[in-house]
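User: I am new to reading protein models, and I would like to go through this one feature by feature. Could you give me the general idea each time, and then the case at hand?

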Amino acid sequence: MTTKTSYVSKSVEKLKPSGIRKFFDLAAGMEGVISLGVGEPDFVTSWTVREAAILSLEQGYTSYTANAGLFDLRKRIADYMNSRYQLFYDPSDEIIVTVGASQALDISLRALVDQGDEVIIVEPGFVSYVPLVELAGGVAVTVKTRPENGFNLTAEELEAAITDKTKAILLCSPNNPTGSVLEKDDLMELADVIKRHDLAVLSDEIYSELAYDADHVSIASLEGMRERTIVINGFSKGFAMTGWRLGYICAPVEIAQALLKIHQYAMMCASTPAQFAAIEALDKGMEDVTEMKRSYRHRRHYFVDSLNEIGLECHTPGGAFYAFPSIRKTGLSSEEFAERLLLEEKVAVVPGNVFGKGGEGFVRCSYASSMEQLQEAVKRLKRFVENHSN
Ligand code: PMP
């Protein structure tokens, strides 16, 4: 029986489904597809990490943990932040273990945003940002970055987007989908503007372990930034642990405790076996992380060079595992390119327009695929570009 009213809230009804899913669904029904569409590592989590979770289950650790996460894990995260960035967070009240960086983003936005507050979002950017701002009752102010600047936000572009309603800015480096990295000088220029306007920062650092050309810099480590920054990170990408759903937040105590209020009511705590696994990942998993990073770097070289050779102009992405080539040469729109490439050559990529302003005219290709698959994908892409060059 149908009901007379729709029970779905207006704010949710307004949300559009993610543009990425559409292509997955299309590709799922086809055989022989090479997928460069998915945003996850092609490695299985290190055995020692998996074993730690198995052991925790054997030992009967099947209850909830503290709301903020196992203290031992928070302590390791504090040590990691300290040794990597010389940033000190108190594991007792400034670190919260979350269900992926996704939940960290959600509760951070809900904790910061009052109805109508503006949050600056850099685009092309991760597809969840705008919907999460809107679900938190905020207004997403999107700023387009340009390939000439390596898709990095400039201080002038930031300044121009700020109004008296701006509460926060969300930064992501290395970036999904462009792979761009904000280096220390870029961050310092942005930090000056941020401090002058007294804004909060959500710093999505989920790809921090995958910065290839320069050491990753956390904006929180710059002068006057720690007190206004929520650092969001997790185990999904660098540690190849997407399915474990484990992330974390480091924030000054006042903000961290506000976040914890939402987390304790909405989630209780992150998965217990995953938290045991993450302790092991930080204790013994770093060598594997370095090895995986080396492998991605090697594939980045091959894939980005090949794209440029076949006429799909592509800047060298400094991090993550995405190439974001221009498809201008083909005269097709991003959607047309992705759809025809899938139907004609069975290669799945994600059209750039789903990542917001500045994404049209580009596609996102993940190079977290085997070399054989990448070589075959390049062959097919070459043929496709030849057939569609005007
Ligand atoms: N931020 C960015 C930029 C991402 O690309 C992703 C995953 N695609 C996430 C956050 C979410 O990561 P997690 O698996 O930790 O929820």
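User: Which helix gives the most residues to the shell around the ligand?

Analyst: This is a predicted model, in which local features need pLDDT of at least 70 and side-chain atom pairs count only at pLDDT 80 or more, while totals for chains, interfaces and linings use all residues. Residues are numbered from 1 along each chain as its sequence is written. Helices (H or I, at least four residues) and strands (E, at least two) are DSSP runs, numbered from the N terminus. Here helix α5, residues 100-112, gives the most to the shell around the ligand, with three residues.

User: How many residues surround the ligand, and what classes do they belong to?

Analyst: A residue is near a molecule if its C-beta atom, placed from the backbone, lies within 6 Å of it. In this model 13 residues surround the ligand, and the closest are G100, A101, S102, N176 and S236. For the classes, Ala, Val, Leu, Ile, Met, Phe, Trp, Tyr, Cys and Pro count as nonpolar, Asp, Glu, Lys and Arg as charged, and the others, Gly among them, as polar. The shell has four nonpolar, eight polar and one charged residues.

User: Is α5 mostly covered or mostly uncovered?

Analyst: A residue is buried if 20 or more other C-beta atoms lie within 10 Å of its own, exposed if 12 or fewer, and partly exposed in between, with C-beta atoms placed from the backbone. Helix α5 is mostly covered, since 12 of its 13 residues are buried, including G100, A101 and L112. N176, found in the loop between β5 and α8, counts as buried because it has 25 C-beta neighbours inside 10 Å.

User: Where does the largest nonpolar core lie?

Analyst: A nonpolar core is a set of buried Ala, Val, Leu, Ile, Met, Phe, Trp, Tyr and Cys residues joined through C-beta atoms within 7 Å. The largest one has 122 residues, and V133, L170 and I249 have the most contacts inside it. The largest share of this core, seven residues, comes from α5. Domain 1 (10-45 + 287-387) and domain 2 (47-284) both give residues to this core, so it lies between them; the domain bounds come from an automatic or database domain assignment.

User: Which backbone features should I look for in the loops?

Analyst: Most residues other than glycine have a negative phi, and most peptide bonds are trans. In this model a cis peptide bond joins E123 and P124, with omega about 0°, and P124 has its place in the loop between β3 (118-123) and α6 (129-135). Another cis peptide bond joins S173 and P174, with omega about -10°, and P174 lies in the loop between β5 (166-172) and α8 (184-196). Q86, which is not a glycine, has a positive phi near 55°, and Q86 is exposed, with 9 other C-beta atoms within 10 Å.

User: In what order do the strands β9, β12 and β11 form their sheet?

Analyst: Strands of a sheet pair through backbone hydrogen bonds, either parallel or antiparallel. Two strands pair if DSSP finds at least two bridges between them. Here three strands form an open sheet in the order β9-β12-β11, and the pairing is antiparallel. Strands β9 (322-323) and β11 (350-351) stand at the edges, each with a single partner strand, so one side of each is left without a neighbour in the sheet. β9 pairs with β12 (residues 363-366) over two bridges, and the bridge partner of Y322 in β12 is S366.
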